[in-house]
Amino acid sequence: MARPRGKFLQAVLVLVVAFLIFEYGVRPPMPFSLLSLYMAITLLAVLVYVSSDSESWRAFKAPIWATLTEPGRRRRRLGLGVLLPLLVGYYAYSQATAKTEAPVELRAIHPAPPTSIAFRGKTIDLQATDTPVRKEIAQNPANRAKHLQAGGAVYIRNCVYCHGDNLDGKGHFGHGLNPAPADFTDSGTIAQLSEGFLFWRIAKGGPGLPKESTPWNSAMPAWEDRLTEEQIWQVIYYLYETTGYPPRVMDHAAVPPAPGPARVASLFGRGTDVLQPREAGAQPADLARGKSLYEAKCALCHGVSGKGDGPAAELLLPRPRDFTAGKYKIRTTASGQLPTDDDLTRVIREGMPGTSMPAWGSVIKDAKEMQALVAYVKSFAEGFKGARPELTKLPPEVKSSDASVKRGQEMFEAIECHKCHGAAGRGDPAPGSDLKDDWGTPVRPANLTKPWTFRGGPERKDVAARLGTGLMGTPMPTFIDSVEKPEDIWHLANYVRSLAPDRPSWAALLQVRAASGEVPSDPNHDFWRRIPGANFPLVGQVIADPRNFNPTADLITVRAVHTPGEVVFHLTWDDPTPSEPAKGAPKPDMIALQFPAGGLAERPYFLMGDGAKPVYLLTWTPGAGAGEATAAGIGKLTPQSGEAVQVKGQAVYDAGQYRVVLRRALRTPNQADFQFPPGEFFPIAFWAWDGSEGEEGARAAVSSWYYVRLEAPPSARQFVIPPIAVLGAVLVELGLVRWARRRGRGTV
Amino acid sequence: MPSIASMLVVALVATAALLGGAAPAAAQGGSIVGEVKVTGTPPAPKVIKVNKDNQACGDEKKIAEVMVGPGNGLANAVVSVTDAKGAKPAKKPVLDQKGCEFRPMVVVMPPGELEILNSDGVLHNIHTFSTANPSINKAQPKFKKSMTEKFDKPEVIKIQCDAHSWMLGWIVVTENPAALTDGKGAFRLENVPPGKHKVEVLHPVLGKQSKEVEVKAGQEAKVTFELAAKR
C-alpha cells in the first residue's frame, strides 16, 4: 500500500519543487506566462513518467481512485469536495477584481549598431580597433592622465545626473526615467560592448535608436552637438578605466570581463591621477591614501583644494561642501563645533538625500580606507587640528503618539518654523525672505512633507538631531536651548514626521475612474480627497538648452475621473513661490499634461515630440488659466486660441502647493487635439515650470512617458462570476465521483 | 559734555579703585577724546520694505552700513588703544534685538560673555561669521527673552538674522581699552596710562586707521580720524 501512494506523492512533490524553483529560484523573476508554460511542461513530463508502464500508472492512480470510491474515505472526499470549489471560487474572484497594470513594453536593449556614423560632417568608423585616445596613450603613456582627467570632467558635468557618481545608473534624476539609465558597473552593460558602440550611443542618443528600442522613451540625449569627438572618446575611456572592465574588441578573442572585487578595487587604484594632484609637502602614509581616494572621486565636485570648486560644482545645488571652512551641516555636535569622525563617515557612507552627494558605502567598504579619506577631508580645515568637538546631548527619546504630535505642532508654531518652512511645512518661506548660505548662495528650506529629501536622513532621530544641532553654514539654527522644555525637540521631530510617509509610492499607470454625476471644478472639493492620487517623478530637463539641473518640482500627484462626455484631471504639486506676471513676477509658473497629437498611431519623442510626430498639451498658468497647445519639439510650443480651446480649469494656491482641475471633452472637432479613447492604454507625460526660479521653455521639470486608461464603470462582475465558478466545480466533482463509482462497480 | 557711557566708565573705575587691584594706576592716566569723520560720499542707506512681522519690525527699514551724522561724523566706529589692556566691565555687555535691528549695531566687548536679548517677541536667530571663535547659528524664539554666548578670542564678527535678512551687526571682541563713536562720530577713552600710544579706529565696512597719541596724566589728548568712504 505504501508504494502506490508513494508514486502519487512523488509526482505532487516534483510539481511543488518545480514551482518553488521557478517562482523564487530564478532572478530576475519570470513573468507569469513563462511560469505557466514551464509548469505545463513539468506536468507533462511527470505524466509521461508515471504512465510509462501500466504498473506505475496503476500505482499513480490508486490513491486518486481510492479517494473517489472507497467508502472508508468519505471524510476526505467531503473535505476535498468543499476545498476545491472554494479554491476555484477564490481564483475566479481574484481574476474578476484584478487591478489594471500598465502594459509591459518590450524593447531591444542592445540593438545592432551601424558600421559607421556621420559625426559633425565626418565619418566615424565604429568598428575600428583602437580609439584615437587609446592610440595616443599607446604612443605615450604620459597622455593617460590627461585623457582620464578630461573624461572625468566630461562625465561629472554631463552624465552624472542620471548615471550617478558611482557609475551605477543611480544619479539623482535616475529614478524619474523609464527606461532607467544604464548601470555601467553591471557586467551586462559596457562590459559587453565595444567602444564604437558606446560612441554611437553617446553621439546619437535616444533619438538615434532603431524603433525596436523605443527611441521615443529614451532620455539619453544625442551629445553630438554638445561634445567633441575627442571628448566622447575620453569619456568612454574614463568609463572603462573607472569600472575596470575592458571594452569588447571586434575581431579579437573575447576578453573576459574583470571579476567584481577587482573592479571595485580598481575604481580607486586606477583613478588616482584623474585630476592634477595638489601640491603638498610630506604627508603621513594614511593621509596619502586618503588623498588618492579623494582625488579619484571627491575632487570632481569638491575640488582638488577642497574648496567645493570642482568641475561639476557650478551645476550643482546645493553646492558641494567647501571643506576649508570647516562648516558642516550634518553633525551630532553643538552649533559652532566641527563634526566628529563618525559624522563625516556617516555622510560619506550614506550620502545626502536630495543632493548630488551619493552614498559611497558600497564602494569604500574598508574601514581603514574610510578613515584615511576622513582624515584627508579634515586636513583641508585648520580647525580640526587637536579639536575635540563638543557633542549635542539630545533629551531621552519620546515615542511618537497623538499627544506628542499635537505638542510638536504647538511648538512648531511657537518657535515659528513656518517662517522658513511654511505653514504646512512645504518649504515655502515667508515672502521677502532672502535665505542664503554662508557663501552667499540662495538656498531653499527643506520641504518637510518630503522626508526622502532630508539631507541628514528621514528617521525621527535624524530630524531631532538636526533640530538639536542646526545645519551649520545654512540659515537653519540650533533649537537645543530654544524650546520650552528639552523634550520638545522630540515632539517637534514627531510632528514633522507625521506630515508625510518615508518615501512616495510611484505610479506607472494613471487610472481614470468612471464617475457618475457632477464632477466638481473646485480643487479643494471633498470629492477629490476620496480619489487616490498617483505620484509621478519629475526631473530636470538636461538635454536641450537651457538645461535645468535643479528643478523645483520633483513630484506631481494626479487624480483623474471621466464621465460619458468629459475627462477631468486634478493635479497637485509643490512650488514655494507662486509667480504670476500680472502680479509682478517676471516669469509665470506653468504645468502641462502631454499626449500624442491627433491619434494614437505612434508615440512622439518624450521631449515634446518632433516635426514628424508632434505632441498635444493641456496647460495651466496662473492668470492666463487653462489652455491647449501643440508642440513639435522642445520649446516649440504653439498655443491654440479662440474656439479651439475647449479645456477649462480652476486652481488654488495654498501654503506652498498648487492644486489645479483641468477638464476637457473626451472628443473635440480639432484634428490636432488628442481624442481620449475609453478603455485603451495611451501615453501621458508631465511638465512643470517654476517661474520664480527662471524656469521657462526648455528649462523645465519633465517626466518620462507613463500610461493612462479611462476605466470602464465598476461592474458587479466580482459578485457574479465566483459563485458560478464554485457551482460549476461542485457539479464537476459530483459527476466525477458518480462516474468513478459506477465504473468501479462495473470492473471490480 | 560727557556721554552717559563715559560717565559709566568713570563710575566703574571709581568702584574698581575702591575694591583695590590694578585700577588705581589707571586712574592716574589721561584720556583720549576725538572724532571720526568720513571723507567722500558714503553709500546712501538702503530702504527695505518689511513684509513680515510688521508689528515688531515696522513697515520700512533704513539700512546704513555706514552711518554718518552731522559734520560727516562716523557712527559705529570702534576706537581702541592697541598697546594697552582694557579693564573688565562691571556689567555683562548686552546685544538687543529690538524693532528687528541689532542694538547697538556694533557691540564692543572684552573677551567673555555677551548677553543677547530678544525684545521683539518674534523668532530671531543669531548667525555669526567668525574664524577665531566658533561660528554659531542659534535660534531665539519669542519666548526666549535672553541668552548668553561666549566670545573668547579677539575678533570682528559679523552677525545676521536669517529670519530678517536686513538685520546686520558686528561684535567687536577686543582686549584693549575701546570705545564706540556716537551718532556724531565722537568718542572718549578714559584712564589711558600716560605715554605714547597707538590708537586705532576700526569700522566694519570702511576699514582701519591708526595714529600715535601722547597721553599725559590728568589731561585730554585730542585726535581726529578720517576714513575714506569706499564706493
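**Exercise 1. Domains 4 and 5 of chain A**

Task: In this predicted model, state how far apart the C-alpha centres of domain 4 and domain 5 of chain A lie, and describe the contact between domain 4 of chain A and domain 5 of chain A.

Solution.
- Step 1. Locate the two domains: the domain assignment places domain 4 of chain A at 402-497 and domain 5 at 509-710.
- Step 2. Take the C-alpha centres of the two domains, which are 32 Å apart.
- Step 3. List the contact by side: domain 4 of chain A supplies 9 residues and domain 5 of chain A supplies 6 residues.
- Step 4. Sort the domain 4 side by class, which gives 3 nonpolar, 3 polar and 3 charged residues.

**Exercise 2. The contact of the two chains**

Task: Find how many residues chain A and chain B each give to their contact, and sort the chain A side by class.

Solution.
- Step 1. Count by chain: 24 residues come from chain A and 21 residues from chain B.
- Step 2. Divide the side of chain A that touches chain B into 9 nonpolar, 8 polar and 7 charged residues.

**Exercise 3. A helix pair**

Task: Determine whether α11 of chain A is roughly parallel or roughly perpendicular to α12 of chain A, and name the residues that make the contact.

Solution.
- Step 1. Two packed helices are described by the angle and the distance between their axes.
- Step 2. For helix α11 (residues 341-350) and helix α12 (residues 367-378) of chain A, the axes come within 10 Å and cross at roughly 110 degrees.
- Step 3. Angles of 65 to 115 degrees count as roughly perpendicular, so α11(A) is roughly perpendicular to α12(A).
- Step 4. On the α11(A) side the contact uses Asp341(A), Leu344(A), Thr345(A) and Ile348(A), and on the α12(A) side Met370(A), Leu373(A), Val374(A) and Val377(A).
- Step 5. By class, these residues are 6 nonpolar, 1 polar and 1 charged.

**Exercise 4. The nonpolar cores**

Task: Give the number of residues in the largest nonpolar core and the residues with the most contacts inside it.

Solution.
- Step 1. The largest nonpolar core holds 127 residues.
- Step 2. Those with the most contacts inside this core are Leu373(A), Leu538(A), Ile556(A), Ile591(A) and Ala688(A).
- Step 3. The helix that gives the most to this core is α6 (residues 143-163) of chain A, with 10 residues.
- Step 4. Follow one core residue: leaving out residues up to four places away in sequence, Ile556(A) touches Phe536(A), Leu538(A), Leu571(A), Trp573(A), Phe686(A) and Ala688(A).
- Step 5. Apart from the largest core lies another of 69 residues, including Met411(A), Val66(B), Ile157(B) and Ala186(B).

**Exercise 5. Backbone exceptions**

Task: Place the cis peptide bonds at Pro179(A) and Pro318(A), then say whether Arg120(A) and Glu416(A) are exposed or partly exposed.

Solution.
- Step 1. Most residues other than glycine have a negative phi, and most peptide bonds are trans.
- Step 2. The bond joining Asn178(A) and Pro179(A) is cis, with omega about 5 degrees; Pro179(A) is in the loop between α6 and α7 (195-204) of chain A.
- Step 3. Leu317(A) and Pro318(A) are also joined by a cis peptide bond, with omega about 0 degrees, and Pro318(A) sits in the loop between α10 (285-302) and α11 of chain A.
- Step 4. Arg120(A) has a positive phi near 50 degrees and belongs to the loop between β1 (116-119) and β2 (122-125) of chain A.
- Step 5. Arg120(A) has 10 other C-beta atoms within 10 Å and is therefore exposed, the limit being 12 or fewer.
- Step 6. Glu416(A) has a positive phi near 60 degrees and lies in the loop between α13 (402-414) and α14 (418-421) of chain A.
- Step 7. With 18 other C-beta atoms within 10 Å, Glu416(A) is partly exposed.

Terms used. Residues numbered from 1 in each chain as written. Chains lettered and ligands numbered in written order. Predicted model: local features only at pLDDT ≥ 70, side-chain atom pairs only at ≥ 80, totals over all residues. Core = buried A, V, L, I, M, F, W, Y, C linked by C-beta atoms within 7 Å. Buried ≥ 20, exposed ≤ 12 C-beta atoms within 10 Å, placed from the backbone. Helix = DSSP H or I, 4+ residues; strand = E, 2+ residues; numbered from the N terminus. Contact = placed C-beta atoms within 7 Å. Nonpolar A, V, L, I, M, F, W, Y, C, P; charged D, E, K, R; others polar. Domains from an automatic or database assignment. Axes fitted to C-alpha atoms, helices over the stretch in contact; angles between N-to-C directions. Parallel < 35°, antiparallel > 145°, perpendicular 65-115°, else oblique.
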